[in-house]
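I opened the notebook to record what I looked up, beginning with the ligands and then moving outward to the protein as a whole.

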Amino acid sequence: MTILGIETSCDETSAAILEKHDEKITLKSNIVASSLAIHTQTGGIIPENAAREQIKYILPVIKESLQKAFNTSDTLHQVDAIAVTYGPGLIGSLLIGVETAKTLAFVLDKPIIPVNHMIGHIYANWIENPNIEFPALALIVSGGHTDLLLIESHGNYKLLGGTRDDAAGEAFDKIARLVGLTYPGGPIIEQKAKEGNPKRFDFPRPLIGSNDYDFSFSGLKTAVLREVKSLIANHQPLTTDDINDICAGVQKAITSVLLKKTLKAAEKYNVKSLVLSGGVAANQTLTNAFRQNSQYQIPGIKFYVPTKNLCTDNGAMIAAAACYNFHQIPWRDVTTDPELYY
Ligand code: KG4
Ligand code: ZN
């Protein structure tokens, strides 16, 4: 089966061609057009700006994904089905992907499979490792979500907990802005943290000991704001050391909470596999901590994380989720759902 995956839920515009034959997955192309430069200028994503760029990119991106996969872009008929993100996300952005996918499905008379963006993130892991064993515990850490799910089999999952306020990626983005760093905050905080002392500031680890699997990061953001104000009152502006040490402290606090609660759930549900996904999973310090601690605390558990370009938003993960959960519906019934959860 050959699937075209389309992803436009936030600021990226992506299309991918993925083939699945029995248990073998081949990613033939995965094209991502980013409008990041525009969002860096505005310090974050302005939804209308994102959608205006996506309108320009969507058809060229699909064309390029076909060209790369088949050496010609005149091959849409070779695709067996079209998978598209229908939520959650920004309404204007989602509409561009969904309406494009519906048009293609109608014109080419191909099945269309709507995919939950968050489930897509999880399935980024199956592209490189199609034999992940169940039960699996999935931690999704993105700009909008911090969710823990127990997956018993393909399509059979249960939400164990989620964020009560800011998601992990959102915390990175907001804290970066507080210390004068550019959007997106995660990658730059990771870079600055390498030069910083994680022990200088004792930032809170919200809900680390709570008797559930929920997360909360807005208190961490407030603690950083308080620290920044007090540093500025002492000496203006923040020094390079101040910024590096805050970044190291924040990254450590976020990693500690995510790790502690995830491993607690992994032990309780006796899972065979632990799969990380979402933009924040691109953070090497975080994934190294997960790799080392999961092996140490739960011998035998297998840990998976997608390569960096499959952690952030992309069409390949949407195609992969559709391959393993092939539920087509008539194109007329496919609608966007910006608030979709699970
Ligand atoms: O999954 P994603 O690409 O989009 C959403 O679905 O939200 O995640 C974007 C988030 C942003 O908040 C960004 O700061 C964060 O992922 N991120 C990182 C890193 N790279 C991206 N966070 C921490 N460390 C990174 N290296
Ligand atoms: Zn995402």
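How far is an oxygen atom of ligand 1 from an N or O atom in the side chain of His 117? I looked this up in what is a predicted model, and the separation between these two atoms is 3.2 Å.

**Entry 1, ligand 1.** I then went through the other polar contacts of this ligand. The side chain of Asp 313 has an N or O atom that is also placed 3.2 Å from an oxygen atom of ligand 1, while for Glu 190 I found a polar side-chain atom at 2.8 Å from a nitrogen atom of the ligand. On its own ligand 1 has 550 Å² of accessible area, and the protein covers 89% of this. I listed 20 residues surrounding ligand 1, and the closest of them are Gly 143, Asp 173, Gly 186, Glu 190 and Gly 279.

**Entry 2, the zinc ion.** His 117 and Asp 313 came up again when I turned to ligand 2, a zinc ion, which is coordinated by NE2 of His 117, NE2 of His 121 and OD of Asp 313 at 2.0 to 2.1 Å. The site has four donor atoms, and I noted it as tetrahedral, with angles of 95 to 135 degrees among them. Along the chain, the spacing of the donors reads H-x3-H-x191-D. I placed His 117 in helix H4 (residues 117-128) and Asp 313 in the loop between helix H10 (308-311) and helix H11 (315-324), so this pair ties together parts that lie 196 residues apart in sequence. When I checked burial, I found both His 117 and Asp 313 to be buried.

**Entry 3, Ser 29.** Is this residue of strand E3 (residues 24-33) buried or exposed? Ser 29 is buried, because its relative accessible area is 2%, and the cut-off for that word is under 20%. I also noted that a polar atom of the Ser 29 side chain lies 2.7 Å from the backbone oxygen of Ser 65.

**Entry 4, the whole protein.** I counted 11 helices and 10 strands in the secondary structure. Of the 342 residues in the protein, 55% are buried. I compared the radius of gyration, which is 20 Å, with the value near 20 Å that a compact globule of 342 residues would have, and the two agree. For the extent along the principal axes, I wrote down about 65 × 45 × 35 Å for the C-alpha trace.

Key:
Residues are numbered from 1 along each chain as its sequence is written. Chains are lettered from A and ligands numbered from 1 in the order in which they are written. This is a predicted model: local features need pLDDT of at least 70, side-chain atom pairs count only at pLDDT 80 or more; totals for chains, interfaces and linings use all residues. Side-chain values use heavy atoms; hydrogens and water are left out. Donors are N, O and S atoms within 2.8 Å of the metal (3.2 Å for Na, K and Ca); water is not among the atoms, so sites may look incomplete. Four donors count as tetrahedral if all angles lie between 85 and 135 degrees; four count as square planar and six as octahedral if opposite donors are over 155 degrees apart and all others between 65 and 115; anything else is irregular. Helices (H or I, at least four residues) and strands (E, at least two) are DSSP runs, numbered from the N terminus. Buried means under 20% relative accessible area, exposed over 50%, partly exposed in between (1.4 Å probe, protein chains only). A residue is near a molecule or strand if one of its heavy atoms lies within 4 Å of it. A polar contact is a pair of N or O atoms within 3.5 Å; within protein, one must be able to donate a hydrogen and the other to accept it, and residues adjacent in sequence count only if both atoms are side-chain atoms. Accessible areas come from the Shrake-Rupley method with a 1.4 Å probe; for residues, only the protein chains shown count as cover. The radius of gyration is taken over C-alpha atoms; the globule rule is 2.2 Å times the number of residues to the power 0.38.
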